[in-house]
Amino acid sequence: MTEPTPHPPAADASRRHWLHQLVEPGVLFPGLALLTLTAIWLVTLDLVEREYTAAEQRAAALTADLAETYEAQVVRALREIDTTLKLVRYSLDERPPQRVLDELGQQGMLPPTLLFEVRISDAAGNVIASTHPSSAPQSVITAAEGEGMQVALPRQQASGADSQLAFSRRLTTADEPAPAVVSVLVSAAHFVSGYELDTLGVQGVLAVAGEEDTFLVRRTGDTIHTGEPVDYANLVNGSGALGDPAQLRVNEWDDVHRYLVARALFEFPVAIVVGLSRSEQMAAASALQRDYYWRALLVTLAFLVVLTMLGRLSWKLRRAQASVLEERLDHARRAEYLAFHDNLTELPNRAYFSRLLTHGMQHARRYDKHLALLFLDLDRFKAINDSLGHDAGDELLQEVSLRLGRAVRESDTVARLGGDEFVVLLPEIHDQEQVHQVANKILAAISAPFTLAGQEFRITVSIGIALYPADGEDEQTLMKHADVAMYHAKEEGKNNAQFYSEQLKSDSLERLALESSLRKALERREFRLYYQSKLDMATGRVIGMEALLRWQHPELGLILPKQFIPLAEENGLIIPIGRWVIHTACRQNIAWQQAGFPALSMAVNLSARQFLDDGLPGDIKSALQATGMPPQLLEVEITESMMMVDMPRAVSVLQELRTIGVRIAIDDFGTGYSSLSKLQALPLDTIKIDGSFIHDLLDNAVDRSLTEAIIDLGKRLGLTVVAEGVESAEQIAYLRRHACDQVQGFYMHEPQPADEAAISLQRRIDNVFPC
Ligand SMILES: Nc1nc2c(ncn2[C@@H]2O[C@H](COP(=O)(O)O[C@H]3[C@@H](O)[C@H](n4cnc5c(=O)[nH]c(N)nc54)O[C@@H]3COP(=O)(O)O)[C@@H](O)[C@H]2O)c(=O)[nH]1
């Protein structure tokens, strides 16, 4: 059995496409309408043609019928006339001709005298007898030629409705030189008046034509003509036999189109002519034709109107469908876009970046290229977000994303992983220096001031860098290592970029372990406070202490704040830890007072997150209350960078603290970006010059002039100026020369646990330091 041959798929598709196109409303409706209109017009034209042909046939047949009847009438009349002529001729004898005519008339043998006149003329044409003796004109009948009946128009009556036709026969034999003639005169109208105008029409013709190329009589409509010339041979030419249809001809005498029958009579030398006007006969058919055309036209117009309406509807429908389709496409495109882009910044999101990174690594592997992945985390973003609100935070992130885009090339990729984490992928790097330059550019771009909610802010970013393939050959490893490097940058004081190294990896593992034990450190009572004294430059006496946090880790030993405070900031543990610090420092201060030491001030450090925490004033108040510490002995140290994040908020927090009565010191002054003039707006008590200036004081002219400027400014603002990080007698001497109020540093006192600090304190009291 033969398998049916399947259609090739392309042919099927093409057929389906065509079918689909055909059923499209824009094609289907016009197509159907065109078909219908074609059918309507074909039927109309066919009907019109049929009707017209039928009407023509009817007109031709009617003409033929009329001609037949007319011919019979004329022949009958001529026969009667000829019978009269013969009767007179045979009746003439010796009697006078007038007498013969009178007797025949009396015998009723002659036609009615009302219509007919019988005359006898002599060879000269003079009337010698007549049925109308009084009216008979002289010399009007010429001698008839030949033996048969002759028909003529009397010469003096060439035309008109009153013309008479003269039918004659010779009375003598043909060989006589001047024969006498008997004639019957009858009105020419007699031969054409037997029909109504309705039958003939205005342009219908009835006529009797003579062989001498003359219309003996012709009636057209109601008008009767006689004696007009006509080409007799041409007229009767082609006229068929009896019963033949009429011919359609343009008549030479008046140029009218007629169905015409012109037939020579067999017995007489004349031809009858019957013609019906084509336009009149076809008038009804033409009217019907017009009627049909009008109807077809109306139907066409109606179709066109309906088609136009359907077309418009279809067009609107298609437009609506197209817009729905477009909307869906837009929606789908938008959904796809959103799936791969960050809503806020419009940057590629984590999922999209993962693809880009994988693709970039594949490309680099194939072409033996190197990539750099920069992992960015904004410093203190959470504090800004918490203090300024999420809208400002969002605005900041958008601005950061714009700056990142401007800091790198178009061929580089910037993406947002979420929160304040961004990544930058640099394809085709040649050396670390190149990456370093990009990282520096980013650091500079982000650290430029931002204006949020009408205020100026600064933020920094920490960048971790991992290189492909050196630091990881797969996406997860490379990302993880860039993240580790970023944490290292945070530990290195933020606002810097660090390359990944194997050492960092182990540090990071340590950090993870540290974070887990940090969470338990507070309840395990592993934190300690160390105290470092502050000395009055003028008297050399210890006038205060600064509480510095340490973590006594059971395995790792004593851990410095730099190693765990950033971690505690990140995970929020700084809040309870800070609360513990304030409380413990106050309690220690009271304990020392109770032990007989003078009432010293006690400084505690606040972290950014702690400073902006709403619970801070309450924590301070409860620590003061619980320990009985006078507020004026407690000094909180904040850094200028903490205030610059959100100056108005910082001012309001500081004012609240001032209301409580605690003193406020600005720590590490000189390292930030705040202008000195801004200090005026703050309720401050103390400025602490950053240890880095003091460290290089004697060797670095810039540090010296800065230190002097800070001391000068602090004095003018009525603030206590403290130099921290003092490590030598030369530094003290210099600071004294420039009237610095207080000093703090290893040279006088290293941070110590409370008991050791108390011993040192006692020693100082006993033996005042020689400032
Ligand atoms: N939020 C909190 N932050 C705290 C707390 N305790 C400390 N800190 C912050 O950690 C920073 C480092 O502190 P630390 O390692 O204790 O270092 C202090 C001193 O040891 C050091 N110092 C003092 N004198 C000298 C010196 O002569 N030379 C030298 N190289 N270092 C010296 O300076 C640090 C004290 O600085 P400051 O606070 O600016 O007075 C520390 O800066 C705090 O920010 C805490 O409880 N909460």
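Which residue forms a salt bridge with Asp 82, and how far apart are the closest N and O atoms? In this predicted model, the partner of Asp 82 is Lys 86, with the closest N and O atoms 3.8 Å apart. Both residues belong to helix 2, which covers residues 25-91, and they sit four residues apart, about one turn of the helix. Asp 82 counts as buried because its relative accessible area is 8%, whereas Lys 86, at 34%, is partly exposed.

Side chains of opposite charge can pair when their charged atoms come close. The structure holds 33 salt bridges, and three of these pairs are set out below.

| Pair | Closest N to O distance |
|---|---|
| Asp 82 and Lys 86 | 3.8 Å |
| Glu 117 and Arg 119 | 2.7 Å |
| Arg 716 and Asp 712 | 3.3 Å |

In the pair formed by Glu 117 and Arg 119, Glu 117 is buried, with a relative accessible area of 5%, and Arg 119 is likewise buried, at 1%. Arg 716 and Asp 712 lie in helix 21, residues 701-716, and are four residues apart, about one turn of the helix; of these two, Arg 716 is exposed, with a relative accessible area of 63%, while Asp 712 is partly exposed, at 40%. Salt bridges also link Asp 93, Arg 95, Arg 99 and Glu 103 in a network.

Turning to the cysteines, the structure holds zero disulfides. Cys 586 is buried, with a relative accessibility of 0%, and Cys 740 is buried as well, with a relative accessible area of 3%.

Definitions and conventions:
Residues are numbered from 1 along each chain as its sequence is written. This is a predicted model: local features need pLDDT of at least 70, side-chain atom pairs count only at pLDDT 80 or more; totals for chains, interfaces and linings use all residues. Side-chain values use heavy atoms; hydrogens and water are left out. A disulfide is a pair of cysteine sulfur atoms within 2.5 Å. Buried means under 20% relative accessible area, exposed over 50%, partly exposed in between (1.4 Å probe, protein chains only). A salt bridge is a side-chain nitrogen of Lys or Arg within 4 Å of a carboxyl oxygen of Asp or Glu. Helices (H or I, at least four residues) and strands (E, at least two) are DSSP runs, numbered from the N terminus.
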